[in-house]
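Work through the exercises below with the structure open. Each task is followed by its solution.

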Amino acid sequence: MMKKKKGISLVFEILKYVSLVFGAMCALIPVCVCVLTAFKTNEEYAATSVLDMPQSFLNFDNFVTAFEKANMLRGFLNTGLVLIVVLTASIFMGSMLAYVLNRFKFPGRALVQNLFMFAALLPGIAMQVTIYQIMYSLGLVNHLYGYMIVLMGTDIISIYIFLQFFENLPVSLDESAIMDGCTYFGVFFKILFPLLKPAIMTSLLLKGVSVYNEYYASNLYLQAPKLKTISTALYTFTGPYGNQYNYICAGVLITIAPILILFLVFQKRVYGGMAAGAVKG
């Protein structure tokens, strides 16, 4: 009986490690292919398979061509501006809304929370026709600030992160501050908001990655070349007559570099924020 149990546990151990190796390969092989392709010339890419090594890893012509032809500097500037505005607005709106829903009891409070949950279940693509009609009628299409307004839409995940974090902040902090003559705005900005740093870090990570990688809305609402973001800049090398994947892969590596550097610099704060801002039972 004991041998049978040991045999079963051994099988599960083997399956566990096989699944981990398979998952790692699925994640790493596309990255390796992208790196190898980025260093190949047009002739090399046409004559070799995707896993063949390039002749030289010191050939950066594809990166220069991708950066210049796709006007990636403009894409980085536009994306950086969008990130600053959208993340700032999302953090303040999400935290203030969570503060109101957590600290104040008013008729319809539960209904508002349920409506947020209902909105999270609706696919965003299903509402784009209506949103586009509203944006067009307001003259916000093909304007960077109009695109920012679309992305500023209330982030449901961030609201629930802030709500769960407020649950762990004692109400006595609010009561003590109010007894000392502090207003509700003072309680939020002077007492509670500085304590939300872990939740803010988690929200910045989730929202920032989604905004940086966002393609559908930027392609829909920003048609002018000077308004392209970093995600739409990569589509310079696609067309009806074929795709230039060596330039695309070089551009992908360029777009990954800033996020990778920021992650390596702030990884301790990111991990700490995700752990402290996680949902607690």
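**Exercise 1.** In this predicted model, classify F92 as buried, partly exposed or exposed.

*Solution.* Take the relative accessibility of F92, which is 33%. Buried requires under 20%, and exposed requires over 50%. F92 therefore counts as partly exposed.

**Exercise 2.** Describe how the rings of F92 and F189 pair, and place both residues in the chain.

*Solution.* Start with the total: the structure holds 17 aromatic pairs. In the pair of F92 and F189, the centres are 6.4 Å apart and the planes meet at 40°. That pair is tilted. F92 sits in helix α4 and F189 in helix α10 (residues 184-192). With the two positions 97 residues apart, the pair links distant parts of the chain. F189 is partly exposed, at 36% relative accessible area.

**Exercise 3.** Which geometry does the pair of F188 and F189 have?

*Solution.* The centre-to-centre distance is 5.0 Å and the angle between the planes is 85°. Angles over 60 degrees count as edge-to-face, so F188 and F189 form an edge-to-face pair. F188 has 2% relative accessibility and is therefore buried. Now widen the view: ring pairs join F92, Y99, F104, F166, Y184, F188, F189 and F193 into a cluster.

**Exercise 4.** Characterise the surroundings of N78.

*Solution.* Locate N78 in helix α4 (residues 72-103). Its relative accessibility is 6%, so N78 counts as buried. Next, list the contacts. Leaving out residues up to four places away in sequence, N78 touches L144, K226, L227 and K228. Finally, check the side chain: a polar atom of N78 lies 3.0 Å from the backbone oxygen of K226.

Note on methods:
Residues are numbered from 1 along each chain as its sequence is written. This is a predicted model: local features need pLDDT of at least 70, side-chain atom pairs count only at pLDDT 80 or more; totals for chains, interfaces and linings use all residues. Side-chain values use heavy atoms; hydrogens and water are left out. Helices (H or I, at least four residues) and strands (E, at least two) are DSSP runs, numbered from the N terminus. Buried means under 20% relative accessible area, exposed over 50%, partly exposed in between (1.4 Å probe, protein chains only). A polar contact is a pair of N or O atoms within 3.5 Å; within protein, one must be able to donate a hydrogen and the other to accept it, and residues adjacent in sequence count only if both atoms are side-chain atoms. Contact means heavy atoms within 4.5 Å. Rings of Phe, Tyr and Trp (its six-membered ring) pair if their centres lie within 6.5 Å; planes under 30 degrees apart count as stacked, over 60 as edge-to-face and the rest as tilted.
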